[in-house]
Amino acid sequence: MLDVYLQTLLSGLAVGGVYALIALGFSITFTTTKTLNFAQGEFISFGAFIGVTMLLLLSGLAGTATAVPSEAAAAWRYPAAVVGAGVVAGVMGILIFVLAVRPFAGKGGMNWVMSTIGFGVILQSIGLAIWGPAPVMVPSPLGDDVLRIAGAGVRPQELLVLACAILIMIALDLVMRRTRIGKAMMAVAHSPQTASLMGINVNLVMIGAFALSSGLAGVAGVLIAPIASASLFMGMGFALKAFSGAIIGGLNNPRGCIYGGFILGVLESGVGLWQAQWREIVVFGLIILVLAFRPTGLFGRAAVDKV
């Protein structure tokens, strides 16, 4: 029985790592611009298909409409596809900020909510026109043989996803706390007006925040494609769970969002081991409880306005 619990824990941490990556993206845009990218799900899906396209182009192999040859993900091609998807998604993040967020920033109302949702619908329609609605099987660069760890069966891709997610989050944490760019982002998050008086280009920082957030979503799409298959409809579910993780951890605390993502992944995996049909009920019941007793999240801090 211990092996089953271990397998559940590892699977939960793997999917929790994906939730944490996307939740971190939500936190980055919220703390720096006080807005959220509600097209984040479409960025995940688009990133997965950008990765599929790059694998086929780099390998020179022709894939079918529903599967990519296993040779296409071998050697350096899969890491290149991950980086490429992140860069393309990051550029698209700049577009969504310029076209759908910036025109409404600093103005009353919630127009940016509808504009980001609309941008996501446009993105999904473009994806359907290019790749079609059918899901595509993507091979893992580490193969599909199940690994045995203390009796627990784990897919290599799950361990790869977990390792990549942890490395990316550690790197971002170091950048945010020990570099001038990170400190500029933290200054803008604290007070855009004060940051502007200090000579920080607030607009450029906000553009960078959206590029980083969208790039993380694109990377997440390629990482989970070998587990969930690439589909233009898969992103919404992951984005919704990641947003839930951000709410649980505290939207204004990047580290809290990471913790929230892992908590949600492990909880979801644990409940699925017990009764799969109760998974969504428990997850969203937890969110309601957290919002009722800790409106700022488990690790969030209430904003204090000095007058």
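**Exercise 1.** Determine whether K241 is buried or exposed, and identify the salt bridges of its side chain.

*Solution.* Step 1: K241 has a relative accessible area of 10%, so K241 is buried (buried means under 20% relative accessible area, exposed over 50%, partly exposed in between, with a 1.4 Å probe and protein chains only). The model is predicted: local features need pLDDT of at least 70, side-chain atom pairs count only at pLDDT 80 or more, and totals for chains, interfaces and linings use all residues. Residues are numbered from 1 along each chain as its sequence is written, and side-chain values use heavy atoms, with hydrogens and water left out.

Step 2: The side chain of K241 meets that of E280 in a salt bridge (3.4 Å, N to O); the term denotes a side-chain nitrogen of Lys or Arg within 4 Å of a carboxyl oxygen of Asp or Glu. K241 lies in helix α9 and E280 in helix α11 (residues 279-293), so the pair ties together parts that are 39 residues apart in sequence. Helices are DSSP runs (H or I, at least four residues), as are strands (E, at least two), numbered from the N terminus. E280 counts as partly exposed because its relative accessibility is 34%.

Step 3: Salt bridges with shared partners join K241, E268, R279 and E280 into one network.

Step 4: Within it, the side chains of K241 and E268 meet at 2.4 Å, N to O. Because K241 belongs to helix α9 (residues 235-249) and E268 to helix α10, this pair ties together parts 27 residues apart in sequence.

**Exercise 2.** Compare the expected and modelled spans of helix α5, and locate its buried residues.

*Solution.* Step 1: The expected span is 1.5 Å times one less than the number of residues. For the 23 residues of α5 (residues 156-178) this gives 33 Å, and the end C-alpha atoms are 33 Å apart, which agrees.

Step 2: The buried residues of α5 include V161, L162, A165, M169 and L172. The buried residues of this helix pack against α1 (2-33), α3 (77-101), β1 (147-149), β2 (152-154), α8 (202-228) and α10 (254-274).

Step 3: D173 of α5 forms a salt bridge with R255 (2.9 Å, N to O). As R255 lies in α10, the pair ties together parts that are 82 residues apart in sequence.

**Exercise 3.** Characterise the largest nonpolar core.

*Solution.* Step 1: This core has 79 residues, and I22, F43, I44, M169 and A230 have the most contacts inside it. Such a core is a set of buried Ala, Val, Leu, Ile, Met, Phe, Trp, Tyr and Cys residues joined through side-chain atoms within 4.5 Å.

Step 2: Helix α8 supplies the largest share of the core, 14 residues.

Conventions. Contact means heavy atoms within 4.5 Å.
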